[in-house]
Amino acid sequence: MKDAIDKRNEKQKIARSIVKRSNVVYITKEELKRRQEEEEENAKKQLVLEQERERAEEILRRLELEAEADEAKKTQEIEAIKYLNQSQEEAENRHKMYGQNPMDGITQEKVGVILSDNDKKIEKLFKEANEKKD
């Protein structure tokens, strides 16, 4: 790579000398055109690669967002299942405990009266049904 001093020295050398074949860099039009085309192709390839990289990064971002959403959904489902299990256990415990507490005297008497009335009514119905059959 040439620095500013080297460029200046080269210009002075060329300015003071007779044009010599060793000092002239000759590039044909075809060669110049070919180099320009190669540079354009490389620039296009670089642009395509950059666009593909951007697309890939966008896809990765979308996948990460979907994964986070899925993880949140799974967490919610797990919490819901835990809540349902806990509710079922509480309901079973309440069901098991139903009727376990002793009743006071007045309530017990009322329950006895109701049950005895029902028993009497049922017996009466059976007797009437038997009498009709005979």
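Biologist: Let me fix a term before we start: buried means under 20% relative accessible area, exposed over 50% and partly exposed in between, with a 1.4 Å probe and protein chains only. What percentage of the 134 residues in the protein is buried?

Modeller: Buried residues account for 0% of the 134 residues. Keep in mind that this is a predicted model, in which local features need pLDDT of at least 70 and side-chain atom pairs count only at pLDDT 80 or more, while totals for chains, interfaces and linings use all residues. Residues are numbered from 1 along each chain as its sequence is written, and side-chain values use heavy atoms, with hydrogens and water left out.

Biologist: How many helices and strands are there?

Modeller: The protein has 3 helices and 0 strands, where both are DSSP runs numbered from the N terminus, helices (H or I) having at least four residues and strands (E) at least two. Along the sequence this reads as α-α-α. The radius of gyration is 50 Å, well over the 14 Å that the globule rule gives for 134 residues, so the protein is more spread out than a compact globule. That radius is taken over C-alpha atoms, and the rule is 2.2 Å times the number of residues to the power 0.38.

Biologist: And what does the C-alpha trace span along its principal axes?

Modeller: The span is about 150 × 40 × 15 Å.

Biologist: Switching to charges, how many salt bridges does the structure hold?

Modeller: There are 5 salt bridges, each being a side-chain nitrogen of Lys or Arg within 4 Å of a carboxyl oxygen of Asp or Glu. One of them joins glutamate 31 to arginine 35, with the closest N and O atoms 3.3 Å apart.

Biologist: Where do glutamate 31 and arginine 35 lie?

Modeller: Both are in helix H2 (residues 29-97), 4 residues apart, about one turn of the helix. Glutamate 31 is partly exposed at 23% relative accessible area, and arginine 35 is partly exposed at 39%.

Biologist: Which residue meets glutamate 38 in a salt bridge?

Modeller: Glutamate 38 pairs with arginine 34 at 2.5 Å, N to O, and these two residues also sit in helix H2, 4 residues apart. Glutamate 38 is partly exposed at 37% relative accessibility, and arginine 34 is likewise partly exposed at 37%.

Biologist: What about arginine 61, which side chain does that one meet?

Modeller: Arginine 61 forms a salt bridge with glutamate 58 at 2.6 Å, N to O. Because the two are 3 residues apart in helix H2, about one helical turn separates them. Arginine 61, at 42%, is partly exposed, as is glutamate 58 at 36%. Elsewhere, salt bridges that share partners join Glu31, Arg34, Arg35 and Glu38 into one network.

Biologist: Which residues form the negative surface patch?

Modeller: The patch consists of Glu37, Glu39, Glu40 and Glu41; patch members have over 30% relative accessible area and no salt bridge, with like charges joined within 9 Å and nonpolar side chains (Val, Leu, Ile, Met, Phe, Trp, Tyr) within 5 Å. Glutamate 41 belongs to helix H2 and is partly exposed at 46%.

Biologist: How far apart are the mean positions of the positive and negative charges?

Modeller: The mean positions of the 30 positive and 33 negative charges are 11 Å apart. Lys and Arg count as positive and Asp and Glu as negative, without His or the chain ends, and each charge is placed at NZ of Lys, CZ of Arg, CG of Asp or CD of Glu.

Technical notes: Areas by Shrake-Rupley, 256 points an atom, 1.4 Å probe, with all protein chains shown as cover.
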